Amino acid sequence: MRANACIASKVRIEGGDVTWNGNEATLSLPAPVQKPEAPIHWQTPPTTAYATLAKHDFTISFSDRFQPSSVLLKTVTAGGPVQIVGDDGLPITTVASSVVSTFGTGGAYWNQYYPEDSEDGLLVPMNAWEDRGHGLRTWLEAWIVKLPLKEDCTFDPYCNSQIDTLAEETVLESGWDITNEVPVIWSVGWLTNYSVFALVNQNTSVTRNVIRFLQLGHFTEADPTGAERFYENRMTARVVYNNVSPENGAAELTFEFEGACCDSFTDNGAELCE
């Protein structure tokens with residue numbers, strides 16, 4: 001118990017509410033506010049019912065009095081598909097309760113444009129204006145994009161998004177991210193889009209045991225006579241959700257920490273960790 005109390009005092013997690021249970025910490029990331037109405041297509045009025053993105057920035061910082069031997073992301077809970085991105089800008093894990101069967105199945109030729117798996121790109125929202133057998137309507141989707149999106153706003157304020165197949169760098173190489181919070185694509189129904197990861201309305205309750213060991217930065221030694229230092233690691237949780245239900249943009253992450261921890265030092269001719 002004393003070791004767990006030490007870990008809880010030497011690990012700082014910021015960006016939301018944190019509760020500790022032994023050596024496990026649960027970070028609750030808050031729900032965003034509802035965003036205003038947005039135009040989808042000139043055949044339908046502006047609406048608040050669209051897929052959009054909540055970006056939750058958070059940090060995990062380690063005291064130089066704690067030497068982590070294991071940092072485990074155990075569970076992820078959200079009201080939509082969610083992706084955790086590390087300090088290096090690379091995805092750690094991406095989860096949904098129901099994944100579209102064609103996602104990542106493009107094969108050799110299409111893999112230059114579409115992701116091979118859910119960590120091969122960035123999670124973004126997409127609103128597909130398309131007839132899928134029941135008339136034109138908006139389909140709320142979560143995509144993993146390997147290449148950046150480009151927009152054609154010839155009919156402003158209505159913009160059509162497309163994958164930029166001429167991009168020289170992937171999104172993970174360039175650091176690209178969406179700037180339009182309500183991206184829309186006027187789809188061609190016969191063309192399979194291997195970027196479509198999940199449908200938002202099928203993923204309003206996502207809870208997954210992910211078991212991802214994280215490689216986070218920390219100090220390798222402490223100066224017992226000096227001030228305590230903290231090594232900060234920045235991370236982001238990306239949640240795609242229906243703007244009508246902003247509470248679905250919230251998320252919870254549970255981490256488990258193991259390692260050597262010092263509450264204090266005692267001078268017995270040499271500094272002794274206690």
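This section describes the fold, the cores, the disulfides and selected local features of a predicted model.

The protein chain contains two helices and 18 strands. Its C-alpha trace spans about 80 × 35 × 30 Å along the principal axes. Of the 274 residues in the protein chain, 47% are buried. Among contacts with a separation of 6 or more, 75% are made by residues 24 or more positions apart. The average pLDDT of the protein chain is 91, and 95% of the residues score at least 70. Over residues 267-272, however, the pLDDT is below 50, and this stretch has seven contacts in the model beyond near neighbours in sequence. Where pLDDT is low, predicted coordinates should not be read in detail.

The interior was examined next. The largest nonpolar core comprises 32 residues, and those with the most contacts inside this core are Phe58, Ile60, Phe255 and Phe257. Another core, which lies apart from the largest one, has 30 residues, including Trp139, Trp143, Val145 and Ile163. When residues up to four places away in sequence are not counted, Phe58 touches residues from several stretches of the numbering, among them Glu14, Gly15, Leu27 and Leu29. The list for Phe58 also includes Asn233, Arg234, Met235, Thr236 and Ala237, as well as Leu253 and Phe255.

Two residues illustrate the surroundings of Ile60 and Phe257. Glutamate 232 is located in strand E15, and with a relative accessible area of 36% this residue is partly exposed. Although glutamate 232 and isoleucine 60 are 172 residues apart in sequence, their C-alpha atoms are 5.9 Å apart in space. With neighbours within four places in sequence left aside, the contacts of glutamate 232 are Thr59, Ile60, Ser61 and Asp87. Serine 70 belongs to strand E5, which covers residues 66-78. The relative accessibility of serine 70 is 17%, and this residue therefore counts as buried, the limit being under 20%. Outside its neighbours within four places in sequence, serine 70 is in contact with Phe213, Glu256, Phe257 and Glu258.

The structure holds two disulfides. One of them is formed by cysteine 6 and cysteine 261, whose sulfur atoms are 2.0 Å apart. This pair links distant parts of the chain, since cysteine 6 lies in helix H1 (residues 2-10) and cysteine 261 in strand E16 (residues 251-261), 255 residues apart. The torsion about the S-S bond of cysteine 6 and cysteine 261 is about -85 degrees, so this disulfide is left-handed. Cysteine 6 is buried, at a relative accessible area of 2%, and cysteine 261 is also buried, at 17%.

Cysteine 153 and cysteine 159 are joined by a disulfide with an S to S distance of 2.0 Å. Here the torsion about the S-S bond is about 115 degrees, so the disulfide is right-handed. Cysteine 153 has a relative accessible area of 33% and is partly exposed, whereas cysteine 159 counts as buried at 12% relative accessibility.

Two features of the backbone were also noted. Most residues other than glycine have a negative phi, and most peptide bonds are trans. The peptide bond from aspartate 156 to proline 157, by contrast, is cis, with omega near 15 degrees. Proline 157 is placed in the loop between strand E10 (149-155) and strand E11 (158-163). Isoleucine 211 has a positive phi, near 50 degrees, in a residue other than glycine. Isoleucine 211 is part of strand E14, residues 206-213, and is partly exposed, with a relative accessible area of 46%.

Finally, the pocket analysis is reported for one site. The second largest pocket has a volume of about 320 Å³. Its lining consists of 20 residues, of which Lys55, Val85, Gly86, Gly89 and Thr236 lie nearest the centre of the pocket. Strand E4 (51-63), helix H2 (171-174) and strand E15 (230-242) are the elements that give two or more residues to this lining. Thr236, named in the lining of this pocket, is also one of the residues touched by Phe58. Strand E15, which contributes to the lining, is likewise the strand in which glutamate 232 has its place.

Methods: Residues are numbered from 1 along each chain as its sequence is written. This is a predicted model: local features need pLDDT of at least 70, side-chain atom pairs count only at pLDDT 80 or more; totals for chains, interfaces and linings use all residues. Side-chain values use heavy atoms; hydrogens and water are left out. A nonpolar core is a set of buried Ala, Val, Leu, Ile, Met, Phe, Trp, Tyr and Cys residues joined through side-chain atoms within 4.5 Å. Buried means under 20% relative accessible area, exposed over 50%, partly exposed in between (1.4 Å probe, protein chains only). Contact means heavy atoms within 4.5 Å. A disulfide is a pair of cysteine sulfur atoms within 2.5 Å. Helices (H or I, at least four residues) and strands (E, at least two) are DSSP runs, numbered from the N terminus. pLDDT is the predictor's confidence in each residue, from 0 to 100. On a 1 Å grid over the protein atoms alone, a cavity is a set of points where a 1.4 Å probe fits but cannot get out, and a pocket is an open set with protein on both sides within 12 Å along at least five of seven lines; lining residues have an atom within 4 Å of a point. Grid points are joined across faces, edges and corners, and a volume is the space filled by probe spheres set on the points.
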